[in-house]
Amino acid sequence: MNNSRDSRSLIFLTIMAAFLLSLLPLPEVLSPFKPYWVALVVIYWTLETHEMIGMGLAFLTGIVLDTLSGSLMGMHALSLVIMVFLVQRF
């Protein structure tokens, strides 16, 4: 039980770090090379822990990212849900 709580806190911390990295401003020259940090972290945890990361958590993570970045509401949420679905499917 303690192991599950530790892994959930690690997942939460890495997603928070991905939020911070995605909001980090870069110079205009490096802007096209900025990775989609949140998607990389969510895909990694989906592959690593099949039961803990689902489409619901991906949707909530995308809504939070939409709110933080000020983008169109649901844009990141939809892309993360589709990515998690494809990763779980294949």
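**Exercise 1. Helix H4 and its cover**

Task: Find which helices help to cover the buried residues of H4, and work out how those residues are arranged around its axis.

Solution. What covers the buried residues of H4 includes H2 and H3. Keep in mind as you work that this is a predicted model.

Step 1. List the residues to be covered: His76, Ala77, Leu80, Val81 and Val84 are the buried residues of H4.

Step 2. Look down the helix axis. These buried residues of H4 fall within an arc of 130°, so they line one face of the helix.

Step 3. Turn to the other side of H4, where Leu78 and Arg89 are exposed.

Step 4. Check the length. H4 has 15 residues, and at 1.5 Å a residue they should span 21 Å. The end C-alpha atoms of H4 are 21 Å apart, which agrees.

**Exercise 2. Leu80 under the lens**

Task: Decide whether Leu80 is buried or exposed, and name the residues it contacts beyond its sequence neighbours.

Solution.

Step 1. Place the residue: Leu80 belongs to helix H4.

Step 2. Read its accessibility. The relative accessible area of Leu80 is 0%, and buried means under 20%, so Leu80 is buried.

Step 3. Collect its partners. With neighbours within four places in sequence left aside, Leu80 is in contact with Tyr36, Val38, Ala39, Val42, Ala58, Thr61 and Gly62.

Step 4. For a longer view, take Leu23, which is 57 residues from Leu80 along the chain; their C-alpha atoms are separated by 17 Å.

**Exercise 3. The largest nonpolar core**

Task: Say how many residues the largest nonpolar core has, and which helix supplies its largest share.

Solution.

Step 1. Count the members: the largest nonpolar core has 15 residues. Val38, Val42, Ala58 and Leu80 are those with the most contacts inside it.

Step 2. Sort by helix. At least two residues of this core come from each of H1 (2-23), H2 (37-48), H3 (55-69) and H4 (75-89).

Step 3. Find the main contributor: H2 gives the largest share of the core, 5 residues.

Step 4. Zoom in on Val38. Not counting residues up to four places away in sequence, Val38 touches Ala18, Phe19, Ser22, Thr61, Leu65 and Leu80.

**Exercise 4. Helices H2 and H3**

Task: For H2 and then H3, test the end-to-end span and find where the buried residues sit around the axis.

Solution.

Step 1. Begin with H2. At 1.5 Å a residue, its 12 residues should span 16 Å, and its end C-alpha atoms are 17 Å apart, which agrees.

Step 2. Pick out the buried residues of H2, namely Val38, Ala39, Val41, Val42, Trp45 and Thr46. They cover an arc of only 165° around the axis, so they are on the same side of H2.

Step 3. Move to H3. Its 15 residues should span 21 Å at 1.5 Å a residue, and the end C-alpha atoms of H3 are 21 Å apart, which agrees.

Step 4. In H3, the buried residues are Ala58, Thr61, Gly62, Leu65 and Asp66. Their arc around the axis is only 140°, which puts them on the same side of H3.

Step 5. Look at the other side of H3, where Leu60 and Thr67 are exposed. Just after H3 comes Gly70, with a positive phi of about 75°.

**Exercise 5. The largest pocket**

Task: Give the volume of the largest pocket, and identify the element that gives the most to its lining.

Solution.

Step 1. The volume of the largest pocket is about 200 Å³.

Step 2. Name the lining: Arg8, Ile11, Phe12, Ile15, Met16, Phe19, Met52, Ile53, Leu57, Thr61 and Val64.

Step 3. Assign elements. H1 and H3 are the elements that give two or more residues to this lining, and H1 gives the most, with 6 residues.

**Exercise 6. Two loop residues**

Task: Classify Gly54 and Pro27 by accessibility, and give a C-alpha distance for each.

Solution.

Step 1. Gly54 is in the loop between H2 and H3. Its relative accessible area is 21%, so Gly54 is partly exposed.

Step 2. Gly54 touches Val84 and Gln88, not counting residues up to four places away in sequence. Gly54 and Gln88 are 34 residues apart in sequence, and 8.5 Å apart in space, C-alpha to C-alpha.

Step 3. Pro27 is in the loop between H1 and H2. With a relative accessible area of 48%, Pro27 is partly exposed.

Step 4. From C-alpha to C-alpha, Pro27 and Leu68 are 20 Å apart in space, with their positions 41 residues apart in sequence numbering.

Terms used: Residues numbered from 1 in each chain as written. Predicted model: local features only at pLDDT ≥ 70, side-chain atom pairs only at ≥ 80, totals over all residues. Heavy atoms only, no water. Core = buried A, V, L, I, M, F, W, Y, C linked by side-chain atoms within 4.5 Å. Buried < 20%, exposed > 50% of the residue type's maximum accessible area, 1.4 Å probe, protein only. Helix = DSSP H or I, 4+ residues; strand = E, 2+ residues; numbered from the N terminus. Contact = heavy atoms within 4.5 Å. Expected span 1.5 Å × (residues − 1). Arc of directions from axis to C-beta. 1 Å grid on protein atoms, 1.4 Å probe; cavity = no way out; pocket = protein on both sides within 12 Å on 5 of 7 lines; lining within 4 Å. Points joined across faces, edges and corners; volume = space filled by probe spheres on them.
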